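Here is a short report on one protein chain. Keep the structure in view as you read.

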Amino acid sequence: MEQMSIFKDDDKSKLNSIIYNEDVFKGLSKIDKQSMKLVITSPPYNLGKSYEKKIGLSSYLDWQKEVIKELCRVLKKNGSLCWQVGNFVDKGEVYPLDIYFYPIFKELGLKLRNRIIWHFNHGLHASKRLSGRYETLLWFTKNDSYTFNLDDIRVPSKYPGKRHFKGKKKGLPSGNPLGKNPSDFWELIREEFNSGIIDIPNVKANHPEKTSHPCQFPIELIERCVLAFTNQEDWILDPFAGVGTTALAALKNRRHSICIEKDKDYCNEAKLRIKDLKAGVLKTRKIGTKIHQPKLTDKITQIPKEWF
C-alpha cells in the first residue's frame, strides 16, 4: 500500500505529517507501542456512506472494538483519546453510538473525562423524527496523569471585571484573567464572548474548508482538542483520517501527526490540503469567527386566516 510522507525531515525542527493509504489495521501495525499523545477521530457511523459498507450493529461494534484495542496499544500512558460519534440509524430507529461505545472503552481500562456535546444548526432534515443537530465527543485518558492545557482554550469571561466582595481577596479580581473554562457544550452561536460556549459550525456547502468528503470535520473542532490535550512536538493519530483534517490541525499548532485512510482519493486530497497549508493558501475558518447570519428581507409573508 502507498505511504505518503509529507514534510518529513531528519531535522527535528521540521514537522512530520505521515499518511498511510491503507486499511486501518495495516496502518496501525506500523505504529510503535505507546508513541501517540493523542488519538482523535470520527469512525464510520455504519450508515452506508460511500466510504463504508453497512453491517449489523453487533458486527460493527465487534470490528470497532478490535480497532480500539490497537489504539490503546499505541497511546501513551499519559495520552488522551477523543472519539467523536453521532447516531446509527436502522429502519428509522436511532442507536446513539456513544452509549454503545462507552462500555468498550471502559472494559479496556480507559477513563472518561468529558462527554462533549457539539451542537450545530445545519444538517439533513428528517421527515419522520426530529432533525438531528448534535453529535458527541468522548474524551478518555489512560490514567489520572494527562495533559490538559485549559489556558489554551479559554473563552472570555462574561464579567471580566468581577471582584471578590469579602474576605482576604476583597476587591481583587475573582475570575481568571485569561478567561473561563468553555464547558462541555460546544454550540453554533453568534457570540462566544457572551456565552462561553465554543462556536464551531459543521462543514457544509458554503464552508471555506469544504472538500469532496461527505462527512468532513471542521479543523477548528480538532484544533480545540489538539491545543487542550497535547503540547508542541507531540504526536497525534487519526485512524480514520478522511481528507486530513487532523493533520492540518496538528501542523497549524506545531504537532506531528499520523493519518490512516483507505481511500486513495481522500489521501491525495489530504496531501494537497497540507501542501496548501504549507504554502499559506489553504482556506480555513479561524477559531472564534462569528457565524454568518443571512440578512432578513423586508418582505412579510401573510399568515393564512384559517390558522387562527
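**The chain as a whole**

The accessible surface of the protein chain comes to about 17,200 Å², and 52% of that area belongs to carbon and sulfur atoms. The model is predicted. The chain holds 308 residues, and 45% of them are buried. Its secondary structure comes to 7 helices and 11 strands. Now take the contacts with a separation of 6 or more. Of these, 66% join residues 24 or more positions apart.

**An enclosed helix**

Start with helix 5. How many of the 11 residues of helix 5 are buried? The count is 11 of the 11, so helix 5 is largely enclosed by the rest of the structure. The buried residues include Ile 219, Leu 221, Ile 222, Val 226 and Phe 229. Charged names appear on the list too, among them Glu 220, Glu 223 and Arg 224.

Next comes Thr 230. This residue lies in the loop between helix 5 (219-229) and strand 10 (235-238). Is Thr 230 buried or exposed? Thr 230 has a relative accessible area of 0%, so it counts as buried. What does Thr 230 touch, leaving aside its neighbours within four places in sequence? Its contacts are Lys 37, Leu 38, Thr 147, Asn 149, Cys 225, Ile 236 and Arg 255. One of these partners, Cys 225, is itself a buried residue of helix 5.

**Two helices side by side**

Two packed helices are described by the angle between their axes and the distance between the axes. Apply that to helix 6 and helix 7 (residues 264-279). Their axes come within 9 Å and cross at roughly 20 degrees. Angles under 35 degrees count as roughly parallel, so helix 6 is roughly parallel to helix 7. Helix 6 supplies Thr 245, Ala 247, Leu 248, Leu 251 and Lys 252 to the contact, and helix 7 supplies Arg 273, Ile 274 and Leu 277. The crossing of helix 6 past helix 7 is right-handed.

**Salt bridges**

How many salt bridges does a search of the whole structure find? The search finds 12. Here are three of them.

| Pair | Closest N to O distance |
|---|---|
| Glu 107 and Lys 65 | 2.9 Å |
| Arg 73 and Glu 70 | 3.1 Å |
| Arg 115 and Asp 98 | 2.7 Å |

Take the pair Glu 107 and Lys 65, whose side chains meet in a salt bridge. Glu 107 lies in helix 3 (residues 97-107) and Lys 65 in helix 2 (residues 57-74), so the pair ties together parts that are 42 residues apart in sequence. Glu 107 has 54% relative accessibility, so it counts as exposed.

Arg 73 and Glu 70 also form a salt bridge. Both residues sit in helix 2, 3 residues apart, so about one helical turn separates them. An α-helix has 3.6 residues a turn, so residues three or four places apart point the same way. Arg 73 is partly exposed at 27% relative accessibility. Glu 70 is partly exposed at 22%.

The salt bridge between Arg 115 and Asp 98 has its closest N and O atoms 2.7 Å apart. This pair links distant parts of the chain: Arg 115 is in strand 7 (residues 111-119), Asp 98 is in helix 3, and they are 17 residues apart. Arg 115 is partly exposed, with 38% relative accessibility. Asp 98 is buried, with 5%. There is also a network: Lys 111, Arg 113 and Asp 144 are joined by salt bridges that share partners.

**Two residues with positive phi**

Finally, look at two loops. Which loop holds Lys 91? Lys 91 is in the loop between strand 5 (87-90) and strand 6 (93-96). Its phi is near 55 degrees, a positive value in a residue other than glycine. Lys 91 has 83% relative accessibility, so it counts as exposed.

Arg 254 sits in the loop between helix 6 (245-252) and strand 11 (256-260). Arg 254 is not a glycine, yet its phi is positive, at about 55 degrees. With a relative accessible area of 28%, Arg 254 is partly exposed.

Conventions:
Residues are numbered from 1 along each chain as its sequence is written. This is a predicted model: local features need pLDDT of at least 70, side-chain atom pairs count only at pLDDT 80 or more; totals for chains, interfaces and linings use all residues. Side-chain values use heavy atoms; hydrogens and water are left out. Helices (H or I, at least four residues) and strands (E, at least two) are DSSP runs, numbered from the N terminus. Buried means under 20% relative accessible area, exposed over 50%, partly exposed in between (1.4 Å probe, protein chains only). Contact means heavy atoms within 4.5 Å. Accessible areas come from the Shrake-Rupley method with a 1.4 Å probe; for residues, only the protein chains shown count as cover. A salt bridge is a side-chain nitrogen of Lys or Arg within 4 Å of a carboxyl oxygen of Asp or Glu. Axes are lines fitted to C-alpha atoms, for helices over the stretch in contact, and angles run from 0 to 180 degrees between N-to-C directions. Angles under 35 degrees count as roughly parallel, over 145 as roughly antiparallel, 65 to 115 as roughly perpendicular and the rest as oblique. A crossing is left-handed if the near helix is turned anticlockwise from the far one by less than a right angle, and right-handed if clockwise.
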